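Welcome! Here are some short exercises, each followed by a solution in steps. Have a look at the structure first, then work along.

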Amino acid sequence: MKRLFLSLTVLLCSFAQADEPVSERLAIYEYALYALPDSDGDPKATLEALVKDEFSSFTIVDEVEGPPTEPLLLVTMLNDAQTSYAPPDMDYIAYAGRGLTRQQALAVQDCEDVLIVNIGYPASMTDTMFPKALELMAAVAAEHDSLLWDEATREIFSPAAWREQRIETWNDGVPNAQDHTTIHAYKNGDYVRAITLGMEKFGLPDIAVNDFAWSNGQSVGSLINLVTQTLVEGGDFNDDFSLDVDIEAVRNDQVKTSLLDAVLDNAQLSLNVQFKPEEPEQGDPDNFILEIRFDTDPSLSVQEQQDVLISELFGARDSIVMVDHNAKILAASEAARKKLPGLRDDFVAGLEPGEFIHVKAPFETPEGGNEWMWVEVVSWEGTSIRGLLQNDPYYIPDLRAGAEVEVSMDDVFDYIRRLADGTSEGNETGALIMEAQGQ
């Protein structure tokens, strides 16, 4: 959605710098209420009454003259939402609607009345004022049969979903950062970029990771979630603009359990994460952005350093299988190879977000044999495949996981195609190799 209203966020985002003390940062964000066509009453009057009575910590102002030193609300009621603050369409609601019934999704398409609420206060007040802002918006929405829009995360909620996902998930006063932010990941050149949306509500920078492979998306997401949760729980940057993260130190039990469930036995669990400021790209939030750095070791590529850092934090598991390729395995390989031209055509045409292809290819060892390893495809031209090595080799000392390599389509032994819905196809030889090992 294109925001036409010049919000408090736009006016004051330049004051919210990541390297300022918490007392000098600002929490600046925007919510909106779409009053459904059959709703009655005046949402603005209801909000004003609630602020006067139950939420008197806020002050409603008509204009903003500078950085807020107390909790402020800038409230605007528009009666031409379709032109000034258009609600999300049905396709967008299918992607970013939270708890809406089909009837609500259809009804908001005809909405004309929208209440826009810009909220601002010093970040040091976040622990007390953020929950109050959520409750205030929930109370108005429930009173007027309205849907809630979060401009920062670009999501629309039913009143029930807002309460369930935004209010009831706090753990002993500690929010789950994932409930109040989103991560947008998209293809950016040969690789993928991910960025958070919504950290401005905590007076904190949004976090970006550049140039990773789709197959690392889950691990990158876990790293981002650990960083944002650490910041939300009060973690602060070191003098060198780094952040110490520790899964076992996370105070929100839901987040901690989720992260621990994803780690392997050899996980380090804690890490020093380094950052650098990043210029915003089109579609990025109106906020200060920090990019997680993977460029501190000039002897390794960015992708290799990503693999090292993620493996240290969450653990890694590699194994080597020694097996002769019997007739059944070779037949399955030949069947897989016949599908490669179609896979290439699909890759060149463009895969769905989150979808990727791995191919198994041989790499010559110093002794003259071959070590077969998986490669994630990043480009495919003719018979030339360029991709990222997915395994740490056992017999090739000058290669490591994350290295960019080139293999020939003519040498590919098998493939795995991971679909956007999480299912996969291919690797028929893998099952036969396990069978040959008696597993």
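**Exercise 1. Find how many aromatic pairs the whole structure holds, and classify the pair of tyrosine 92 and tyrosine 95.**

Step 1: Searching the whole structure gives 13 aromatic pairs. Rings of Phe, Tyr and Trp (for Trp, its six-membered ring) pair if their centres lie within 6.5 Å; planes under 30 degrees apart count as stacked, over 60 as edge-to-face and the rest as tilted.

Step 2: For tyrosine 92 and tyrosine 95, the ring centres are 6.0 Å apart and the planes meet at 75°, so this pair is edge-to-face.

Step 3: Before going on, know your material: this is a predicted model, in which local features need pLDDT of at least 70 and side-chain atom pairs count only at pLDDT 80 or more, while totals for chains, interfaces and linings use all residues. Residues are numbered from 1 along each chain as its sequence is written, and side-chain values use heavy atoms, with hydrogens and water left out.

Step 4: Both tyrosine 92 and tyrosine 95 belong to helix 4 (residues 90-96), three residues apart, or about one turn of the helix. Helices (H or I, at least four residues) and strands (E, at least two) are DSSP runs, numbered from the N terminus.

Step 5: Tyrosine 92 has 22% relative accessibility, so it counts as partly exposed, whereas tyrosine 95, at 51%, counts as exposed. The cut-offs are under 20% relative accessible area for buried, over 50% for exposed, and partly exposed in between (1.4 Å probe, protein chains only).

**Exercise 2. Describe the pair of phenylalanine 237 and phenylalanine 275.**

Step 1: Their rings are 5.6 Å apart, centre to centre, with 90° between the planes, which is an edge-to-face pair.

Step 2: Place both residues: phenylalanine 237 is in the loop between helix 8 (217-232) and strand 11 (242-246), and phenylalanine 275 is in strand 12 (residues 270-277). The pair links distant parts of the chain, 38 residues apart.

Step 3: Phenylalanine 237 and phenylalanine 275 are both buried.

**Exercise 3. Which side chain makes a polar contact with aspartate 150?**

Step 1: Locate aspartate 150 in strand 6 (residues 146-150). Its relative accessible area is 0%, so aspartate 150 is buried.

Step 2: The side chain of arginine 166 joins that of aspartate 150 through a polar contact of 2.8 Å. Such a contact is a pair of N or O atoms within 3.5 Å; within protein, one must be able to donate a hydrogen and the other to accept it, and residues adjacent in sequence count only if both atoms are side-chain atoms.

Step 3: Not counting residues up to four places away in sequence, aspartate 150 touches Glu30, Tyr31, Glu155, Phe157, Arg166 and Lys201. Contact means heavy atoms within 4.5 Å.

Step 4: Arginine 166 also lies over the face of tryptophan 162, 5.3 Å from the ring centre. For this, NZ of Lys or CZ of Arg must be within 6 Å of the ring centre and within 35 degrees of the ring normal.

Step 5: Ring pairs place Trp162 in a cluster with Tyr29, Tyr31, Tyr121, Phe130, Phe157, Trp170 and Phe202.

**Exercise 4. What covers the buried residues of helix 6, and what does helix 6 give to the largest nonpolar core?**

Step 1: Helix 6 (residues 126-143) has 18 residues and reaches 25 Å from first C-alpha to last, close to the 26 Å expected. The expected span is 1.5 Å times one less than the number of residues.

Step 2: Among the buried residues of helix 6 are Met129, Phe130, Ala133 and Leu136. Their cover includes strand 1 (26-35), helix 2 (43-53), strand 3 (72-78), strand 5 (113-122), strand 6 and helix 7.

Step 3: The largest nonpolar core has 70 residues, and those with the most contacts inside it are Phe58, Val227 and Phe275. Helix 6 gives the most to this core, with nine residues. A nonpolar core is a set of buried Ala, Val, Leu, Ile, Met, Phe, Trp, Tyr and Cys residues joined through side-chain atoms within 4.5 Å.

Step 4: Phenylalanine 58 touches residues including Met129, Ala133 and Leu136.
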